[in-house]
Protein chains: 2
Amino acid sequence: MVQVAVMGHGVVGSGVVEVLLNHCDSIAKRAKEEINIKYILDIRDFPGLEYSDKFTKSFDDILNDEEVRVVAEVMGGVHPAYEFTKSCLLAGKSVVTSNKELVATKGAELLEIAKEKNVNYLFEASVGGGIPIIRPISQCLAANEVIEVAGILNGTTNFILTKMIKDHMSFEDALKMAQELGYAERNPAADVEGHDACRKICILASLSYGKHIYPELVHTQGITKITLEDVAYASSWGGVIKLIGQVKKLDDGTLDISVEPMFIENGSQLASVDDVFNGILVRGDATGDVVFYGKGAGKLPTASAVVADIIDCVKHLKARKYLYWADGDASLVKPYEKTEYPVYIRVETADKKAASEKILALFPNARFIVRSDAPENELAFVTESLTVDDQSKAAAELEKNGITVKSKIRISDL
Amino acid sequence: MVQVAVMGHGVVGSGVVEVLLNHCDSIAKRAKEEINIKYILDIRDFPGLEYSDKFTKSFDDILNDEEVRVVAEVMGGVHPAYEFTKSCLLAGKSVVTSNKELVATKGAELLEIAKEKNVNYLFEASVGGGIPIIRPISQCLAANEVIEVAGILNGTTNFILTKMIKDHMSFEDALKMAQELGYAERNPAADVEGHDACRKICILASLSYGKHIYPELVHTQGITKITLEDVAYASSWGGVIKLIGQVKKLDDGTLDISVEPMFIENGSQLASVDDVFNGILVRGDATGDVVFYGKGAGKLPTASAVVADIIDCVKHLKARKYLYWADGDASLVKPYEKTEYPVYIRVETADKKAASEKILALFPNARFIVRSDAPENELAFVTESLTVDDQSKAAAELEKNGITVKSKIRISDL
């Protein structure tokens, strides 16, 4: 019998306890050991539960109990999750987590400690909820060079965009609906500003390229400025707007990595990922495109991923899993201004004829797109591939000529 | 350094050698050991290759060399792959394979030997080519009960159906095109009759439910009888025809398992899986629907999956991976005639009015569907859920009344 502890009894934590108790037999079969929850750490009281006797408010109970070999950290946030995780790893306990913020900000350090102590630090649940993605990237694609990873990594924003696209709801109304349905939090910034997706693409990038990519190095833009006008233009262009986290290795060895809304062609596998679903595309040199699709969040999907990691730790109490990346720095990432891509631009202008000429002078290969019911003073076009620097210079030139840039959205190559 | 052998130097085998040689360094890093190909077994000669010195025609060279710890069997077919695999496992060597026919027909026996000898028998490449699916089902979904697995498991038939749906090509023309492009073999029976998909769903079912499901227990129907008329009716019904391998556990504990063409609603994630791509949906009680998508075949995707298994074996030379199912028998499978589903039926009749009345008498909740340019003597409808037995009885009754049944296609609940 292996003793484990669960730190945090919120949505995911209670789900982990539930899955461990309800699937006890099949889990024991898979893990080849019985798994027993010895402690559940939470500052709150949970009287009246079947397992109320397992609760403790003292982290030291877990840290100092040598019987506890595996700890699930499902508290969220960086502090004190970081300190607790570090102490557990240093004490020779394996740790599994769903805490993307901690992995994205402290992953390299914690993985280094795990390596030194010959224990595991696993985080399948940190990206994609119940969708297996960390393991497939690290194991099955071991014989591949990862060319690119791109995904719809946040269900809340994808729900909002889907409502805007399919039901022509405004961003504000769609956000309100997401909040009412419990998909978005009262303070939705982490989702709608792209921070959640940023943490996830950092984890996937670090895993794929072996060096820690910190969130502050990643250009991150949310969906708060997306309008129904842009949605309509995307549609007439032949696609949809999705919030995409993406990373790819450039010829000079640096990474093009960002989180931002993008135009995605309707034919792409990611275009049909709707509502709260996530979809992650991994482009390998041998496998070609492989796409993983499913619910990216939720109590039971996430909990089942945490439990799968617990099982894996129990099976690997001696042999360590290979899951590791080294520390990284800013030199790994191409400065966003230097990255290159085609872009959609929507402008307002008093003089459409003059504006069209100016646009074609600045963007010789621009292609204009139209939408029904567009106001008289609106123009929209897509450019060829340009650096962000050049885009900005040209946009400034437009503004100088009385042409107001209302939107600017990246066009994806997916 | 770990010595390995590759048995078979066909498409996949040469790909395995290529991947092992080209990704030598990154593989050594992942496996934490250098991997060296000591032998390549093939009855043919391959002079002039960089690695021509590694070839042998004698299986005994591999079997009797104690240095060889891992063997990749990429020969295909049951004999002599079965005898070679068995001998290797009995000699304490781990075996990895892309050979779905062998796993589907002899899996339980070979897994039992692997277990006794404390070695691994891995077969990620046997289903879905480069798409990771065996590992995700066996590991990541360890904390789930698998409710259902359903997939587009054969790229050749999916290519043919896509051409029929999108370009209105006939089955014969689409097959010829697939052959010209190298997607279909000169004798295409294994693909178009559904046998290849059958082997794959047997492997997925055995893994998901823990008992070997043998191909002869599975109702298997190919796509040779699908016509453009049926494709048009599927479209007006709101979907497409796909060849689906599916298994789900019924309330009485038996499995509903089959390979057959099905109507799939356009909204389903599997409906948009086109061309030679595969898509596999795994429905877990905790994760909900998770879908895996990618190229299901091809030299490098398949080879990279084989190499990932080799790496896994090298990392687990002592600790065995949990990948196992027990022997199974016919009692596990619901007889096909007793399974229940709604069905699409297309008929020809001289008297449409009388036929409509007869149809509604036999299928009280039938819903007629129409297509443009239908000949005067054609009717098509979809029924509510009925056992196959009842469908057949009603169809016989139609025939007795001069109504000829031209097509009968299952309607999926995906």
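Helices (H or I, at least four residues) and strands (E, at least two) are DSSP runs, numbered from the N terminus. The model discussed here is predicted.

Q: Between which two elements of chain A is the place of Lys321(A)?
A: Lys321(A) belongs to a loop of chain A. That loop is bounded by a helix, residues 299-315, and a strand, residues 340-341. The two elements are α12 and β13 of chain A.

Q: Is Lys321(A) buried or exposed?
A: A residue counts as buried if 20 or more other C-beta atoms lie within 10 Å of its own. Lys321(A) has 20 other C-beta atoms within 10 Å. Lys321(A) is therefore buried.

Q: Which residues is Lys321(A) in contact with, leaving aside neighbours within four places in sequence?
A: Contact requires C-beta atoms within 7 Å. With the neighbours within four places in sequence left aside, the contacts of Lys321(A) are Asn120(A), Leu122(A), Asp312(A) and His316(A).

Q: What distance separates the C-alpha atoms of Lys321(A) and Gln139(A)?
A: Along the chain, Lys321(A) and Gln139(A) are 182 residues apart. In space, the separation of their C-alpha atoms is 9.7 Å.

Q: Which strands stand at the edges of the open sheet of chain A?
A: The six strands of this open sheet pair in the parallel sense, in the order β3-β2-β1-β4-β5-β6. An edge strand has a single partner, so one of its sides is left without a neighbour in the sheet. In chain A this applies to β3 (55-56) and β6 (121-122).

Q: What angle does the direction of helix α4 of chain A make with that of β4(A)?
A: Helix α4 (residues 81-90) packs on the sheet of chain A. It touches β1, β4 (68-73), β5 (94-97) and β6. Its direction and that of β4(A) make an angle of about 160°.

Q: Which residue is the bridge partner of Met7(A) in β2(A)?
A: Strands β1 (residues 2-7) and β2 (residues 35-41) of chain A are paired in the parallel sense, with six bridges. In β2(A), Met7(A) has as its bridge partner Leu41(A).

Q: Which element supplies the largest share of the side of chain B that touches chain A?
A: On this interface, 41 residues of chain B are in contact with 40 residues of chain A. On the chain B side, at least two residues each come from α2 (24-31), α6 (134-138), β12 (288-295) and α12 (299-315). By class, that side has 22 nonpolar, eleven polar and eight charged residues. The largest share, ten residues, comes from α12(B).

Q: Which residue of β12(B) does Gly294(A) stand opposite?
A: Strand β12 (residues 288-295) of chain A pairs with β12(B) in the antiparallel sense, over five bridges. Opposite Gly294(A) in β12(B) is Val290(B).

Q: Are α5(A) and α10(A) roughly parallel or oblique to each other?
A: The axes of α5 (residues 100-117) and α10 (residues 195-209) of chain A come within 9 Å and cross at roughly 50°. Angles under 35 degrees count as roughly parallel, and 65 to 115 as roughly perpendicular. The crossing is left-handed. The two helices, α5(A) and α10(A), are therefore oblique.

Q: How many charged residues does the contact of α2(B) with α12(B) have?
A: The axes of α2(B) and α12(B) are 9 Å apart, at an angle of about 40°. Ile27(B), Arg30(B) and Ala31(B) of α2(B) meet Val307(B), Ile311(B), Val314(B) and Lys315(B) of α12(B). By class, the contact of α2(B) with α12(B) has five nonpolar residues and no polar ones, and its charged residues number two.

Methods:
Residues are numbered from 1 along each chain as its sequence is written. Chains are lettered from A and ligands numbered from 1 in the order in which they are written. This is a predicted model: local features need pLDDT of at least 70, side-chain atom pairs count only at pLDDT 80 or more; totals for chains, interfaces and linings use all residues. Two strands pair if DSSP finds at least two bridges between them. Two residues are in contact if their C-beta atoms, placed from the backbone, lie within 7 Å. Axes are lines fitted to C-alpha atoms, for helices over the stretch in contact, and angles run from 0 to 180 degrees between N-to-C directions. A residue is buried if 20 or more other C-beta atoms lie within 10 Å of its own, exposed if 12 or fewer, and partly exposed in between; C-beta atoms are placed from the backbone. Ala, Val, Leu, Ile, Met, Phe, Trp, Tyr, Cys and Pro count as nonpolar, Asp, Glu, Lys and Arg as charged, and the others, Gly among them, as polar. Angles under 35 degrees count as roughly parallel, over 145 as roughly antiparallel, 65 to 115 as roughly perpendicular and the rest as oblique. A crossing is left-handed if the near helix is turned anticlockwise from the far one by less than a right angle, and right-handed if clockwise.
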